[in-house]
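Good morning, and thank you for making time for this. Please bring the structure up on your screens, and then we will go through it together.

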There are 2 protein chains.
Amino acid sequence: MPTYRAPVEETMFILCDVLGYQRHDNLPGFAEASPDVLAAILAEGAKLAENVMQPLNRVGDVEGCVRNADGTVTTPRGFREAYRQYCEGGWMGLSAPAEFGGQGLPYVVHSAVGEYLSSANMALMMYPGLTQGAIATILAHGTEEQKRRWLPRMVEGTWTGTMNLTEPHCGTDLGLLRTKAVPDGNGRYRISGQKIFISAGEHDLSENIVHLVLARIEGAPEGTKGISLFIVPKLRVDEAGNPAAPNGVSCGALEEKMGIHGNATCVMNYDEAEGYLLGAENGGLKAMFTMMNEARLGVGLQGHAVGEAAYQSAAAYARERLQGRSLSGPKAPERKADPIIVHPDIRRKLMTMRAFNEAGRALILWTALQADIAHRGQDEQERTKAQDHLALMTPVIKGVLTDKGFEHAVMAQQVFGGHGYIEEHGMSQFVRDARIAMIYEGANGIQALDLVGRKLPANGGRAAQAFFREVGDFCEAHRGDEKMTAYTKALKKGLNDLQAATLWLMQNAPQKPDNAGAASYDYMHLFGLVALGYMWGRMVRTAQEKLAGGADGDAGMMERKLVLGRFFMERIMPETAAHLARISAGAETMMALREEAF
Amino acid sequence: MPTYRAPVEETMFILCDVLGYQRHDNLPGFAEASPDVLAAILAEGAKLAENVMQPLNRVGDVEGCVRNADGTVTTPRGFREAYRQYCEGGWMGLSAPAEFGGQGLPYVVHSAVGEYLSSANMALMMYPGLTQGAIATILAHGTEEQKRRWLPRMVEGTWTGTMNLTEPHCGTDLGLLRTKAVPDGNGRYRISGQKIFISAGEHDLSENIVHLVLARIEGAPEGTKGISLFIVPKLRVDEAGNPAAPNGVSCGALEEKMGIHGNATCVMNYDEAEGYLLGAENGGLKAMFTMMNEARLGVGLQGHAVGEAAYQSAAAYARERLQGRSLSGPKAPERKADPIIVHPDIRRKLMTMRAFNEAGRALILWTALQADIAHRGQDEQERTKAQDHLALMTPVIKGVLTDKGFEHAVMAQQVFGGHGYIEEHGMSQFVRDARIAMIYEGANGIQALDLVGRKLPANGGRAAQAFFREVGDFCEAHRGDEKMTAYTKALKKGLNDLQAATLWLMQNAPQKPDNAGAASYDYMHLFGLVALGYMWGRMVRTAQEKLAGGADGDAGMMERKLVLGRFFMERIMPETAAHLARISAGAETMMALREEAF
């Protein structure tokens, strides 16, 4: 059975030492979470993850959710109690506004704890995760009355939320959606249609479920311009705000999935259900993107989190499993064989996972901090810059960290050999669970298009240029420092490849858009490598500074950073050149065959 | 539900046009399988795969195998009948010697059909696959009496075979194994111990099961030098050669696995079971490698085969699924959306899979042909050269094609978006099934070590040098042909990287063996890319020749080869440089952390 320990000291190092989290104490909520409070919160979150969530992870996989004859859904044993503890601990509203019952703490703290909880139990954490996305959407687009009506119960967790986008014939292409909304003459709408793949669509954790549903108001324009977003509760709410009559919303079936069995993935049927317009009429796509962007960061976090959990299991196994002898002579001569961690190819896997994970964590926290600045900053220029970063990095975090999270779950499973293929060891579950993160909230190919087609050219390329400048300045600033040379040289090489790829896109995509599409996936991963490499640059610099200053009890950890950062530069950054070569190959060969040829 | 069509014309192109299969009609068995007979055999094999095996693939996944209270195992519905048809068609003994009831046809024909059958139903095909490995081992190491006793029933499929290596505490490191063999004084042995992960260990397809079991004879030396191989039948066989009394062999449990549910993976208990020494006393490891090498090629074929099946499903879905519009303007304006195959990133996936698959098929068939020459050739020099090739390419085919088969199953699943994650579409099964091929018969990290540590240095590097020379000569021979330049240039670049990596190993591994281990995985994949690139070089040259000669009805197929080959060179070969960079980084950073640091 996998074990899991939340990497609290790693989080603290990134937040306080690398990102200078405490410098932002002028922002609302930050002063309330000073470093020592932060450490206490992380420790509490760690306990919840390790002691409550993680022990239920395999239970959720084995039992799955059950749809009963009456259409209700029963979650796996223990999920209700764990969810109750999560809500009672105030975790749902950690960074939600105080006026709706939240604690108003920084979003970055929520993200930090979110990693631990998703590492421990991804399927369970999806219930609150979707609720938080719905909360953010209502906060951004709801009327004051809607906020007062829906948010307090959602923030306390008594009600959960969902997002209802996909229909059988349309996922990515929401312009095709058919779910209908008919005005009832009283300012409300009657919603009818079928939605599929609705995570947490029906379950027994909360007394009500607040569905956010994309639908087309009768007579609305075709395509995406005619889509509106609606609040459609499972139970209608009376004047006092209490759940009352059922609302023509039902779960028609549960999907049988490859993984995340603990989460109920529902076919949802809407039959003239009462719904309330959220945001502007025909402005549903825009409102949905609030939900989506929040969710995409959350999914990137999931990918990272499952990869981390899988890594921890692999590392523990590699230290314990005795098999063969080191190529350089026995390391445990007193035993029948050496632990497999002595074998370089096992090390390669562990180092690869860990070097990615530490940088992935830094990238997530850096970006979450930018989200705080974007939403809470007092200076407009600062807010804009942070918003640019957030928008730019969202597809990178979603696309790259979920691809890597899955890849690393597979790699961790490989460390177990044949035992990894047997369900009881839990490694298969990590692989099966991590797989969905590459698909939902926009398949990773869509993230790549979002990056290349929207985020990169936005505002004349302002966001990307700022990022390139920041990384370039970092390399320049440490060029003369011989302890940093090995790192900045590799990073600069990666940055050069990324800038060359960007230039190629600017020169070749406008007249032939397929060149953008053909380059997009490699571009996203190239971008991710440079962003992760930059995180290593910063972590290494911090570690060097701490070592120079004595580092006290942290010296071991700081030395480890230097090694892991070097590994990243030596073994992972060389991939940037291959990405650039593929990007520069263009779309011609890729698109040359006729459809029938496949 | 996935559909599958066996790519018979692709196989014929590779065998007859590229590899010049018919030139070998001086070898035993080849004249009997002239190109038109070959085409007829492939067509029959295709029918069996498409009509009998494939429809049972999902049944096997859903039902799995069941161990009954009496220790017997029931295979999924339809498996018995399909296996019967397989045996009645003579497929089990297709390339087995005629004196034991086989048809004596070339091994390469067996491999060609084997692809179709494994694409259609990997789990089912493991039952005969293991039997064929056992047949090969008894052929190579059995006494005449043993061959007469065991082979005819195995060749007709009435009895199946297994290989019993792994024990709970030892997989890769067989020196640790504990299963005991005690001489009974009559030339036989009593075998006792527990084996795990025994594929097809117990089932209801055959009347007897011939287990090949590694065990340690009482008093034998420690480690791998003291291991012997035994024939241990499920039912002892009487003087007339008929199954008689039970033999202290039982299936203790079935493993619950991530995939290949249709195959029974057993815990096997041996309790003083009667066994017969196969090969020399304490020569078990050598004998086992006969079985292993045969099996490793078979597993490489599985990886390729499942990747091909997944590709076919993805291509069909991409042509049908309507979603979004082409970046270069609508392609199906009469419909609500374009088929997703118009999107470059979908194309990228399909082209990547297909470009790998066609080269993978060529590499497998080329190597299978070398196996025929190695075993049937009339000239010793020719046999040695073929044997060199076979030994060298076995870990490459196993390691690279199973990694890629899995990667492509994941890629094909991604084409389906959310629908790929739902079990009913069958894409999850491809991923779950393909996963094991990276693990069993020696995890791919072990293949990489086999390549770098054994195969590469063997006979002073003779095999690798011959391969490098062949590829180099090919590039040189077509350097002046402008239709070939784009291909040979990329191939030559890849070969240079491979030779540089080889040189690096020669210079850095002897004094520090960890450098070999640290480089091994990248080296294996670098080697694979060059081998696959060379296959593309040869396929493209053949296609150019056929086009120059008119090509008749094949022109479309030949044009497609040129495009796919170009794609491979443009998009896949650039990876060789990244492999070289990683290899050259050495082991130092990788091994720098202490074990406790992970």
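How many residues of chain A are in contact with residues of chain B? In this predicted model, 90 residues of chain A are in contact with 90 residues of chain B, where contact means heavy atoms within 4.5 Å.

Before going further, a word on conventions: residues are numbered from 1 along each chain as its sequence is written, while chains are lettered from A and ligands numbered from 1 in the order in which they are written. As the model is predicted, local features need pLDDT of at least 70 and side-chain atom pairs count only at pLDDT 80 or more, whereas totals for chains, interfaces and linings use all residues, and side-chain values use heavy atoms, with hydrogens and water left out.

Let me begin with the symmetry. A turn of 180 degrees, with a shift of 0.0 Å along the axis, lays chain A on chain B with an RMSD of 0.0 Å, the copies being superposed by least squares on the C-alpha atoms of residues with pLDDT of at least 70 in both. The two copies are thus related as by a two-fold rotation axis. The same surface serves both copies, in that 100% of the contact residues of chain A recur in chain B. Of the residues of chain A, the one whose C-alpha comes closest to the rotation axis is A578(A), at 3.3 Å.

Turning to the interface, the area buried between chain A and chain B is about 8,100 Å², and carbon and sulfur atoms give 59% of that area; buried area here is the accessible area (1.4 Å probe) that two parts lose on being put together, summed over both. On the side of chain A, the residues that lose the most area to chain B are Y421(A), R571(A) and F598(A), which together account for 12% of what that side buries.

R571(A) also appears in a salt bridge with D522(B), the closest N and O atoms being 3.8 Å apart, where a salt bridge is a side-chain nitrogen of Lys or Arg within 4 Å of a carboxyl oxygen of Asp or Glu. Between chain A and chain B the count is four salt bridges.

Now to the interior of chain B, taking two positions in turn. L495(B) lies in helix α14, residues 485-508, helices being DSSP runs (H or I, at least four residues) numbered from the N terminus. With a relative accessible area of 1%, L495(B) is buried, which means under 20% relative accessible area, with exposed over 50% and partly exposed in between (1.4 Å probe, protein chains only). Not counting residues up to four places away in sequence, L495(B) touches F468(B), V471(B), G472(B) and V530(B). Of these, V530(B) is 35 residues from L495(B) in sequence, and the two are 6.1 Å apart in space, C-alpha to C-alpha.

The second position, T131(B), is placed in helix α6, residues 122-141 of chain B. T131(B) is likewise buried, with a relative accessible area of 0%. Leaving out residues up to four places away in sequence, T131(B) touches M92(B), M154(B), W159(B), T160(B) and G161(B).
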